[in-house]
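Me: I've got a structure open and I'd like to learn how to read it. Can you walk me through it one feature at a time?

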Amino acid sequence: MEAPLDFIRVPELDGEVFAGKAIALDDAKIIGFHYIPRPRGVEDFDQVYIARVVGDSLIDERIGSGDWVAFKVTQEVEAGQLLVISTPYGNTVKFVYPNPDGTVVLQPGNRNMRSQTWLGEELEVRGIQMQVDVVLIAA
C-alpha cells in the first residue's frame, strides 16, 4: 500500500513504553506497520517508530495511558527533552536532565511523582519524542 499524502509508514514495536515504572521493551521486534502524519522537522523517517504509552507519569503533559507516541531514534541528549530511556529495570519515558557530575535526572510530567536520579552509564537513550497521540492508519 502506498503512503497517503503527508503520511509516513512507521514500525510498531512489540511492547509498550512506560510513563511510570520502567518495564522491559523488546525494541528489536517489529509487530506491524502504520501510517502516521509526517512529523515536522524530521528528515530521516527510517529512524521513526511508534509505541503505546502505559502509565500516568506524563499526565500533566497531556500524555495518558493508551496514547500512541512517535519517537525518533537518537543518541543525542539535550536537557529537558522527552526521551525513551532504557534503565536497568526497562524502558521509560521521561524528561531528561544531565548533570555535570555524570548523573542524570529523569523527571516525570506528573507533579505528584518524584524524579529519579541515575548514573549516566546506567542509562541508554532509545529515542526522542516527536509526536503524541498519532493518528494510525493500518499499512
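Reply: Sure, let's start with a residue on the outside. Arg111 has a relative accessibility of 70%, so it counts as exposed. Keep in mind that this is a predicted model.

Me: Which residue does Arg111 form a salt bridge with?

Reply: The general idea is that side chains of opposite charge can pair when their charged atoms come close. In this structure the partner of Arg111 is Asp60, with the closest N and O atoms 3.2 Å apart. Asp60 sits in the loop between β3 and β4, and Arg111 in the loop between β7 and β8, so the pair ties together parts that are 51 residues apart in sequence. Asp60 is partly exposed, at 32% relative accessibility.

Me: How many salt bridges does the count come to?

Reply: Two. The other to look at joins the side chains of Arg126 and Glu124, at 4.0 Å from N to O. Arg126 is partly exposed at 24% relative accessible area, and Glu124 is partly exposed too, at 39%.

Me: Back to the loop with Arg111. What else can I look at there?

Reply: Try Asn112, which lies in the loop between β7 and β8. Its relative accessibility is 71%, so Asn112 counts as exposed. The C-alpha atoms of Asn112 and Ser57 are 8.4 Å apart, although 55 residues separate the two along the chain.

Me: And the loop between β3 and β4: what is the phi of Arg62 there?

Reply: The background is that most residues other than glycine have a negative phi. Arg62 has a positive value, near 65°. Arg62 is exposed, with a relative accessible area of 75%.

Me: Let's move up to the whole fold. How many helices and strands are there?

Reply: The protein has zero helices and 10 strands, so to speak a run of β-β-β-β-β-β-β-β-β-β from the N terminus on. Among contacts between residues at least 6 apart in sequence, 60% join residues at least 24 apart. Of the 139 residues, 44% count as buried. The accessible surface comes to about 7800 Å², and 48% of that belongs to carbon and sulfur atoms.

Me: Which strand should I use to practise reading burial?

Reply: Take β5. The idea to hold on to is that in a regular strand the side chains alternate between the two faces of the sheet. In β5 both faces are covered: Gln81, Leu83, Ile85 and Thr87 are buried on one side, and Leu82, Val84 and Ser86 are buried on the other. Seven of the seven residues of β5 are buried, so the strand is largely enclosed by the rest of the structure.

Me: How many bridges join β5 to β6, and how many residues lie between the two strands?

Reply: Seven bridges join them, and the two strands run antiparallel. They form a hairpin with two residues between them. For a pair to find on screen, Ser86 has Asn91 of β6 as its bridge partner.

Me: Which residues make up the largest nonpolar core?

Reply: There are 11 residues in it: Leu13, Tyr49, Val53, Leu58, Ile63, Val69, Phe71, Leu82, Val84, Val93 and Phe95. The strands β3, β4, β5 and β6 each supply at least two residues of this core. Apart from it lies another core of nine residues, including Ile85, Val104, Leu106 and Ile128.

Me: What does Leu82 touch, leaving out residues up to four places away in sequence?

Reply: Leu82 touches Leu58, Ile63, Val93, Lys94, Phe95, Gly127, Ile128 and Gln129.

Me: Is Thr74, in the loop between β4 and β5, buried or exposed?

Reply: Buried, with a relative accessible area of 17%; the cut-off for buried is under 20%. Leaving aside neighbours within four places in sequence, Thr74 is in contact with Val125, Arg126, Gly127 and Ile128. The C-alpha atoms of Thr74 and Arg126 are 6.4 Å apart, with the two residues 52 apart along the chain.

Me: Where is the pLDDT below 50?

Reply: The general rule is that where pLDDT is low, the predicted coordinates should not be read in detail. The protein averages a pLDDT of 79, and 76% of the residues score at least 70. The stretch below 50 is residues 21-27, which has 21 contacts in the model beyond near neighbours in sequence.

Notes
Residues are numbered from 1 along each chain as its sequence is written. This is a predicted model: local features need pLDDT of at least 70, side-chain atom pairs count only at pLDDT 80 or more; totals for chains, interfaces and linings use all residues. Side-chain values use heavy atoms; hydrogens and water are left out. A nonpolar core is a set of buried Ala, Val, Leu, Ile, Met, Phe, Trp, Tyr and Cys residues joined through side-chain atoms within 4.5 Å. Buried means under 20% relative accessible area, exposed over 50%, partly exposed in between (1.4 Å probe, protein chains only). Helices (H or I, at least four residues) and strands (E, at least two) are DSSP runs, numbered from the N terminus. Contact means heavy atoms within 4.5 Å. Two strands pair if DSSP finds at least two bridges between them. pLDDT is the predictor's confidence in each residue, from 0 to 100. Accessible areas come from the Shrake-Rupley method with a 1.4 Å probe; for residues, only the protein chains shown count as cover.
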